[in-house]
Amino acid sequence: MEIRKGSRLRNFHQAKWDEEVIFELNTPGERGIHIPEVEKEISDVVGDGLSKIPVAMRRAAPPGLPEVGQMRVLKHFLRLSQQNLGADLNIDIGQGTCTIKYNPKINEKIAASQKARAIHPHQDVSTVQGALRVMHEMDLYLREISGMDRFSLQPSSGSHAILTMASIMHKYHESRGQAETRDELITTMFSHPSDAAAAAVKGYKIITIYPDEQGFPDLEALKAAVSERTAGLFITNPEDIGIFNPKIAEFTRVVHEAGGICGYDQANANGILGITRAREADFDLCFFNLHKTFAAPHGCGGPGGGALGATQELADYLPVPLVGLDGDRYFLDYDVPHTIGKVRSFWGPFPVILKSYAWILSMGAEGLKEAAHVAVLNNNYLLKKIREIDGATSPYTGGKHRIEQVRYSWEKLYEETGVDTHDVTLRLADFGFHLWQSHHPFVVPQPFTIEPTESYSKEELDEYLDGLRHVVREARTEPETVKRAPHNSVVHRIDDSTLDDPGKWAVTWRAFLKKHGEAAAKIRD
Amino acid sequence: MKTLGLIVNPVAGMGGAVALKGTDGLEILERAEQLGATPKAHARAGQALAGLLTSYDSFELLTFSGDMGESSAIACEVEPQVIGSGSTPRTTPEDTVEAARQMAERGVDLLLFAGGDGTARDICGAIGTFVTTLGIPAGVKIHSAVFASSPAAAGRVAASFLSGAIARVKEAEVMDIDEEEYRRQVLSARLFGYLKIPDARRLLQGPKAGSAVHDRAIQAAIAQGIFERMTDDRLYIVGPGTTLQPLMDLLGLDNSLLGVDIVRAGEQIAKDVSEREILEKIADTACTLVLTPVGGQGFVVGRGNQQISPAVIRKVGKQNIIIAATPEKLTTLRGRPLLIDTGDVETDACLCGYYRVVTGYRDSAVYRVSD
Amino acid sequence: MPRGHRVHPYIPNSVPDVKARMLAEIGVDDIDDLYDDIPETLRFKGKLNIPDGITSEMELLCHLENVLSKNQTCGENVSFLGGGCYLHYVPAICEEITGRAEFLTAYAGEPYEDHGRFQALFEYQSLMGELLETEVVNVPTYDWGQAASTSIRMAGRITGRKTILIADTISPDRLKVIRTYCEPVMEIVQVKHASGTAGLDMDELRSHLNDSVAGLYLENPSYFGTVEENGRTIADALNDNGSIFIVGVDPISLGALKPPSQYGADISCGDIQSLGNHMYFGGALGGFIATRDEEKYVMEYPSRLFGITKTEREGEWGFGDVAYERTSFAVREQGKEFVGTAAALYGISAAVYLSLLGPEGMRELSQNIIQKSQYAMQRLSELQGVTIKFDAFHFKEFVVDFSARGRSVEEINRALFSDGIFGGKDLGDDFEKLNGCALYAVTEMTTRHDIDRLVETLSAVLS
């Protein structure tokens, strides 16, 4: 279907290089980089070094790495990068729950400094006062934003922070002789899967509360779920559908009365910075995702950071070391009486912490609140416009407005045209857009989740809307175009039947050659 | 070349427009016609076929003559192979049964049928899970989980299945509704049996969704969890439904899929029991009732369930009821509660509330049960 | 003339005009109204005690450079620190690729518009597979400690057993991470090392083997840099006991050293920081887990595993998730452990790194490191009263024993520092029997001059 005149949609075509897998670029003898030989004075003293390796531990044959010249390696990975739709290049509002906002380049520049990169965690603290100051001040800022009393920056991601919360909860109950009896963790279906899964790692039995018909987590169900076996509650708010649970303080009250600990998953904090906090909702623990709300880049799936805050009482359990300030000297603080120990080697994902720190400094108190305000404005603007698209609905009536994201449904479109949410996602790729569905299970049928953040202009939001409208029109007039999409992307419809078959799946090139040798040989002919 | 079987129940759906529930029985049918009802199944079947043909057309169509499928095929410009005919002047349930048997014998790749719960029941009784089937909703009341959500959806799923895009099948419940009761505004659903239908989950849950195979893994986990908590001093009354089958497998016992069994200390005390037998056995013993919701509406106990009567439930006690369901089952309820209808208002009222529904090996959901 | 309120460069719709138009379209008077669903009692009424924003990029840069200027780097000083974080050379192309916006800012797109990321990580898995001689490698997890922890839990699930034996020569930090992750579900029992070689004490090992042992985890090279020679014997003993052999390894050693899978390890794990990632204060880590391509192993991974497959076009290939149903993304608490954002970008730099070095480069690198560390060990042991603690082959790291000289490691390091040298980590903090000992690391970045200077300075300090 022709792009309409007046539409903001682009005649986009993704780069498609048909770039081989690196192993196919193998040309024996080519070199990508040279390693220096040791100085003669050294080899004079120790010889070739390799012959001293005990025979049993010598590598028998060289590793089967490809031999490729330097420029070709560069070209290869640059081409792969061109076949990737990073947020910087598109209007990345379709990856709901991920909070894809602008990652300022100045933060990359700062992080590339030798003063950030070339420091070792075991250096004497007097030589890393700058790094420790960054970590300490991050702690202070996050305390302000959440109302919590102390932060650990050690966890590597949101899920990792949840594991840390579960460990703290466990140790807390253990210190009261109740670790055996309190073996149940309550969470909700619209909280991130890790709220359940990471707690299960620590041995907890998970009790899930489903949403009621309005979309709120069912408070009565919570009351029925708590008992003397309750260890705690881990809950996201606003939940992934974008609705703020106004009874959240009731939830924490019920769990506290039962003797449980309350952990706040604040992965969805972007719309509420400076507006509402974990403290007022009476949470004991709360965490933020530095690579979401705090503008550190997502990196294709990491590195990330999960900053974990605790009340005074539970701060005694945080992983060590924390970063303290004594007069004007920063130090690694191991004085955490009931620490759970460590969840990560060394002190934390420093480059991620540094970039989020830089972002907070750039925004300031007013900027944080403005970011939240505009994120919510953008989201509700999209909500209004998407509801006007015939075929899209925004299930659940809870709340007058949504906060920073909305989970919508294409169910009506599917019933009327047979085009499903996966089809729409793939067709949107043809216009340079992402669109994500939902975590599993699909409680909302044919879901799609959109989270604009504060980073995109109204023009851009309108362009994305034009994209949605265009695909919906196609679904009604030429559904095959949508069902056979993508057409302008890097590849065509993928055959994923092999991926669940042990006889066919191939996680490495060597496994692929072993199982599909003939097919592999054919591909380049 | 794939073969598609098509069975249309010409009278299905005639009651709805004139506020009659169902068209079982000649009397009711005549009354419906008097009130001006017209056959709907033909049109629905046509819609489904048309939908199927837009995506996939290389199949042979087998059907019965006239309004049992032939006319629907011709209306879609498909030349069917007519392999039999129904009774005249009106077709009967026996015709449906015969058509189904014939198609099964010829090994059709998919048997599409247009009708309601009654039609599903007839086909189930005739061929069970021998071939893959799929219902085109045309009846007034649909409680069985073997129907697509609409005729168009039926066409789409059929196309996906015949073309190989859907490779998996799963068993789905066929519900038996007491028509008399139903006409008196009283719903009593009973599990009648199972049909095999295409597992369209990927179309509904995205390409990364689980499958019937995975569902069995979760059911096995549920079974393991319940099994490990069983104690030898209690009597366990195990209700119907495939979700509880792995539990019986773990116990090494025969499962009466549609009936109720009684187990103690790993032994099957009684199989496919009646209410009276249950009451006898549980007379002075601590007992636990293990149930799973059946059918598309989420009934944990339906009135048609004669064995698990109000008397049995009162003896067992609410606190000794274990409900098991896969997360997927709960998700399909879309926030609606699980349902209880024992036939006794007081008992129902007592049973309402929130239950720990076992959803995994050690995990559960707290879910509302309502009357 | 004062500038008044300016719109922040990162928030385009902060323009009052645009806001007003959007509010009008929504039918709401004020943005505050959009928060009506949040009860008053939960509203934060105060002002965040966070400084005003440094909104000009120039000032922000200046401020942060000033903050970081208080750091002294391993370039400005000569560093012999290691212990799980290493100063290896990062090729310019690694930085170029990981700095590309297309990779840096991507996240969770489909294997269509994000085909590049899937292929890059599949290549990472494959290149690591060649280095490790395994057919399955996961998308990176947080760090080595996490990789070891998950490997241990996998062993527990595969064998159905609850005890894990752990060599007492592994990194103390990683042991702490393992404890947090594995307790209380699994029981940890430490196995002592033989005092001379730091290799696993075989009698000790055998005494611990019984049918509750899921497996053994050791690091090779150990935390002390010593190389375990009895890998095959250990593997056989574990195999006979129905237990799983897990080995943690620094991949940079595998240009010359035998990979664990070749001496009987069932699961290999380790960190990819050495492969093209800067030290970043210990903040740029990534863990890998590698096994054979057997269903019972594959199904226990919690991580994503990217697989290569066909598309509907002849000759075209695509990627996707292998056995997705085992993950928590698919089935929440019924999945294996959990999965989420971890360290993908560091996996991409490792892929670039391994592609650049190739088999020859990896061998040359190992050789360079071995020669330099041997030279350092030789020269240090020439100092009076200073010994290399363990009698074994070492890779990259070694323990220097100063105890005979009666000077604490702390004192020695202070003196070294005044000469611009970061001495080895004091091992007395974590290992009772290693009081007065320090862990020294030598990489390809260390020059002969650095080593000679270390020796000279120590000589002066100790006299």
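Here are three short exercises, with worked solutions, on how chain A and chain B touch in this predicted model.

**Exercise 1. The extent of the contact**

Find how many residues each chain gives to the contact, and how much area is buried.

*Solution.* Start by counting residues: chain A supplies 33 residues and chain B supplies 27 residues. Next, turn to area. The size of an interface is often expressed as the accessible area lost when the parts come together. Here the two chains bury about 2,600 Å² between them. Finally, look at the atom types: carbon and sulfur atoms account for 45% of that area.

**Exercise 2. Polar and charged pairs**

Work out how many salt bridges link chain B and chain A, and locate one of them.

*Solution.* The count comes to two salt bridges. One of the salt bridges pairs the side chains of A:E184 and B:R356, with an N to O distance of 2.9 Å. That distance can be checked against the cut-off of 4 Å for a salt bridge. For polar contacts, the rule gives twelve residue pairs across the interface, both residues being at pLDDT 80 or more.

**Exercise 3. The side of chain B**

Identify which element of chain B gives the most residues to the side that touches chain A, and which strand of chain A it is joined to.

*Solution.* First list the elements of chain B that give two or more residues: α8 (201-205), α13 (327-332), β15 (353-358) and β16 (364-370). Of these, β16(B) gives the most, with five residues. By residue class, this side of chain B holds eleven nonpolar, seven polar and nine charged residues. Now follow β16(B) across to chain A: three bridges join it to strand β3 (residues 205-209), and the two run parallel. Within this pairing, A:T208 has B:A365 as its bridge partner.

Key
Residues numbered from 1 in each chain as written. Chains lettered and ligands numbered in written order. Predicted model: local features only at pLDDT ≥ 70, side-chain atom pairs only at ≥ 80, totals over all residues. Heavy atoms only, no water. Contact = heavy atoms within 4.5 Å. Buried area = accessible area lost by both parts, 1.4 Å probe. Polar contact = N/O pair within 3.5 Å; in protein donor to acceptor, adjacent residues only side chain to side chain. Helix = DSSP H or I, 4+ residues; strand = E, 2+ residues; numbered from the N terminus. Nonpolar A, V, L, I, M, F, W, Y, C, P; charged D, E, K, R; others polar. Pairing = 2+ DSSP bridges.
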